[in-house]
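Okay, everyone, let's get going. I'll put the structure up and then walk you through how it's put together.

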Amino acid sequence: LLARGWEEEASNIVESTACKRFMLSGFKNRQKRHQLQSDIVWLGGVVVSDATSDWTHLIADKLSRNEKVMSSLAGGKWILTERYITASRAAGHWLLEDVHEWSTGQCCTKMEREVALRARCCFFSGGRGNAEANAQFWRMQGGGAFAAWKCVLHAEGALHFNRVLLKGGAAVLPAEQMRQSTHVFFDQAMAREV
């Protein structure tokens, strides 16, 4: 028979054959960023730095309206605080992500929740009024915040919008296929060309 304490401890250890791939966002302090990267590698994860890469987890210093956060949200990725990495390193193994997820509210200050609300409320409500639950909602849906969207982007510097839409499952069409689109995004300065 297994001891109850051992069962509880074992349930906190994440057994995964898939490699965890991490993107970091918002860490301006190079020493802190380097330490997080080192801890991720020590734990057996991979750090990716390019927004065109595929990642499974975003470690965010704060939730801001940037491409990494919005792509992670739209794509159903884990969006976690740095405490996930530091607590996992202290334990010597990967812990369960859910208690370190930004959407739990337990890990956020009032100001951070307000930033999360502003960053996500208008974009990815998922039919829910609680903006903090949106990252969790889309992760549990497997991503797809823009599934079935056929988009045309007619704007200067639209590359990062393009990547966010693609991570969320949208198809981005060339301007010539505007009639087949379900959504068209354009810059007001370019409105006359549409």
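One term before anything else: when I say contact, I mean heavy atoms within 4.5 Å. With that in hand, take the contacts between residues at least 6 apart in sequence: 58% of them join residues at least 24 apart. And please keep in mind that what you're looking at is a predicted model.

Right, the overall numbers. We've got 194 residues, and 40% of them count as buried. The protein exposes about 11,200 Å², with carbon and sulfur atoms supplying 52% of that. The secondary structure is 7 helices and 7 strands. If you read along the sequence, you get α-β-α-β-β-α-β-α-α-α-β-α-β-β.

So, on to the sheets. There's an open sheet of 4 strands, in the order 2-1-3-4, and the pairing is parallel. Which strands are at the edges? Those are strand 2, residues 46-47, and strand 4, residues 78-80, each pairing on one side only. Helix 3, residues 67-74, packs on this sheet and touches strand 1, strand 3 and strand 4. The direction of helix 3 makes about 140° with that of strand 1.

Let me zoom in on strand 1, which covers residues 21-25 and pairs with strand 2 in the parallel sense over 2 bridges. If you want the register, Arg21 stands opposite Val46, and Phe22 has Val47 as its bridge partner. Strand 1 is mostly covered, with 4 of its 5 residues buried.

Just past strand 2 there's a residue I'd like you to find, Ser49, which sits in the loop between strand 2 and strand 3. Is Ser49 buried or exposed? It counts as exposed, because its relative accessibility is 61% and the cut-off for exposed is over 50%. In space, Ser49 is 9.3 Å from Ser25, C-alpha to C-alpha, while in sequence the two are 24 residues apart.

Now the other sheet. This one is open too, with 3 strands in the order 6-5-7, again with parallel pairing. Here strand 6 and strand 7 are the edge strands, each pairing on one side only. The twist averages 30° from one strand to the next. Strand 5 pairs with strand 6, residues 171-173, in the parallel sense over 3 bridges, and one register point to look for is Lys150 with its bridge partner Ala171. Why do I call strand 5 largely enclosed by the rest of the structure? Because 4 of its 5 residues are buried. Then there's helix 7, residues 159-167, lying across strand 5, strand 6 and strand 7 and running at about 175° to strand 5.

Okay, rings. How many aromatic pairs does a search of the whole structure find? The search turns up 5. Take Tyr84 and Trp94: their ring centres are 5.7 Å apart and their planes are at 10°, so that pair is stacked. Tyr84 lies in helix 4, residues 83-91, and Trp94 in the loop between helix 4 and helix 5, so the pair ties together parts that are 10 residues apart in sequence. Both Tyr84 and Trp94 are buried.

Another stacked pair is Trp149 with Phe185, at 6.4 Å centre to centre and 25° between the planes. This pair links distant parts of the chain, 36 residues apart: Trp149 is in the loop between helix 6 and strand 5, and Phe185 is in strand 7. As for exposure, Trp149 counts as partly exposed at 25% relative accessibility, and Phe185 also counts as partly exposed, at 35%.

Remember Phe22 from the strand 1 register? Ring pairs link Phe22 with Tyr84 and Trp94 into a cluster.

Last stop, charges over rings. Arg89 lies over the face of Trp42, at 3.8 Å from the ring centre. And Arg139 has its charged end over the ring of Trp78, 3.5 Å from the centre of that ring.

That's my tour, so over to you for questions.

Conventions
Residues are numbered from 1 along each chain as its sequence is written. This is a predicted model: local features need pLDDT of at least 70, side-chain atom pairs count only at pLDDT 80 or more; totals for chains, interfaces and linings use all residues. Side-chain values use heavy atoms; hydrogens and water are left out. Two strands pair if DSSP finds at least two bridges between them. Axes are lines fitted to C-alpha atoms, for helices over the stretch in contact, and angles run from 0 to 180 degrees between N-to-C directions. Buried means under 20% relative accessible area, exposed over 50%, partly exposed in between (1.4 Å probe, protein chains only). Accessible areas come from the Shrake-Rupley method with a 1.4 Å probe; for residues, only the protein chains shown count as cover. Rings of Phe, Tyr and Trp (its six-membered ring) pair if their centres lie within 6.5 Å; planes under 30 degrees apart count as stacked, over 60 as edge-to-face and the rest as tilted. A charge sits over a ring if NZ of Lys or CZ of Arg is within 6 Å of the ring centre and within 35 degrees of the ring normal.
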